[in-house]
Amino acid sequence: MNVTATTTKTVDFTSVNIPTLMRPIVARWAALCLSEVKATWPVDTGLSKASWQVSSHVEGTLASITLVNTTSYAAYVEGKKGFNGQELAAAIVAKNVPLMNLEIERAIATAMNNATRSGGSVNRG
């Protein structure tokens, strides 16, 4: 005689709001990128270094970090590593995005594990 027992548990993951999880992580990485660009930026008068600005945005499960320098000559300033302004900003963001994504993935996994334990759900925004 064969006996088979099957138990199925359905978990609704809509209670975990992924954009809400992502926003502080993306904002923290954006601030780190701004700090890196300023640390690498050459200083003569300090105007172009002080003109770096950063913004971050999360829409659904997509995130963006934007570094901008508002001085007219920033694209022509050569940084300590031989990059001009645009190249330097792009290189710093590109270097940090994989690490940011890893942190986001871990936060989502933790939230989903917690939701599974409590019978909750995940909202993709």
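1. Let's start with a term you'll need throughout: a residue is called buried when its relative accessible area is under 20%, exposed when that value is over 50%, and partly exposed in between. Threonine 40 shows how this works: its relative accessibility is 12%, so threonine 40 counts as buried. One caution before you go on: this is a predicted model.

2. Now for the overall layout. The chain has three helices and four strands. Read from the N terminus, the elements come in the order β-α-α-β-β-α-β. The chain has 125 residues, and 33% of them count as buried.

3. Back to threonine 40, which you'll find in helix 1. A polar atom of the threonine 40 side chain lies 2.8 Å from the backbone oxygen of glutamate 36. Try looking across to isoleucine 92 as well: threonine 40 and isoleucine 92 are 52 residues apart along the chain, and their C-alpha atoms are separated by 9.9 Å.

4. Glutamate 36 deserves a second look, as its side chain also meets that of lysine 95 in a salt bridge, with an N to O distance of 2.6 Å. This pair links distant parts of the chain, since glutamate 36 belongs to helix 1 and lysine 95 to helix 3, 59 residues apart. Are the two partners buried or partly exposed? Glutamate 36 has 19% relative accessibility, so glutamate 36 counts as buried. Lysine 95 has 48%, so lysine 95 counts as partly exposed.

5. How many salt bridges does the structure hold? There are two. Arginine 28 takes part in one with glutamate 103, where the closest N and O atoms are 2.0 Å apart. Here too the pair links distant parts of the chain: arginine 28 sits in helix 1 and glutamate 103 in helix 3, 75 residues apart. Arginine 28 counts as partly exposed because its relative accessibility is 45%. Glutamate 103 counts as partly exposed because its value is 25%. As background, side chains of opposite charge can pair when their charged atoms come close.

6. Next, the strands. Strand 2, made of residues 52-59, runs antiparallel to strand 3, and eight bridges join the two. Together they form a hairpin with two residues between the strands. Check glycine 60 in the turn, which has a positive phi of about 65°. If you'd like to follow the pairing residue by residue, glutamine 53 stands opposite valine 68 in strand 3, and tryptophan 52 has asparagine 69 of strand 3 as its bridge partner.

7. Tryptophan 52 turns up again in the aromatic pair, and the structure holds one such pair. What is the arrangement of the rings of tryptophan 41 and tryptophan 52? Their centres are 5.2 Å apart and their planes stand at 85°, so the pair is edge-to-face. The cut-off behind that label is planes over 60 degrees apart. Tryptophan 41 is in the loop between helix 1 (18-40) and helix 2 (47-50), while tryptophan 52 is in strand 2, so the pair links distant parts of the chain, 11 residues apart. Tryptophan 41 and tryptophan 52 are both buried.

8. Last, have a look at the surface. Which residues make the nonpolar surface patch? They are Leu47, Tyr73 and Tyr76, and the patch comes to about 370 Å². Tyrosine 73 is located in the loop that runs between strand 3 (62-69) and helix 3 (85-118). With a relative accessibility of 34%, tyrosine 73 counts as partly exposed. That value fits a patch member, because patches are made of residues with over 30% relative accessible area.

Note on methods. Residues are numbered from 1 along each chain as its sequence is written. This is a predicted model: local features need pLDDT of at least 70, side-chain atom pairs count only at pLDDT 80 or more; totals for chains, interfaces and linings use all residues. Side-chain values use heavy atoms; hydrogens and water are left out. Patches are made of residues with over 30% relative accessible area and no salt bridge: like charges are joined within 9 Å, nonpolar side chains (Val, Leu, Ile, Met, Phe, Trp, Tyr) within 5 Å. Accessible areas come from the Shrake-Rupley method with a 1.4 Å probe; for residues, only the protein chains shown count as cover. A salt bridge is a side-chain nitrogen of Lys or Arg within 4 Å of a carboxyl oxygen of Asp or Glu. Buried means under 20% relative accessible area, exposed over 50%, partly exposed in between (1.4 Å probe, protein chains only). Two strands pair if DSSP finds at least two bridges between them. Rings of Phe, Tyr and Trp (its six-membered ring) pair if their centres lie within 6.5 Å; planes under 30 degrees apart count as stacked, over 60 as edge-to-face and the rest as tilted. A polar contact is a pair of N or O atoms within 3.5 Å; within protein, one must be able to donate a hydrogen and the other to accept it, and residues adjacent in sequence count only if both atoms are side-chain atoms.
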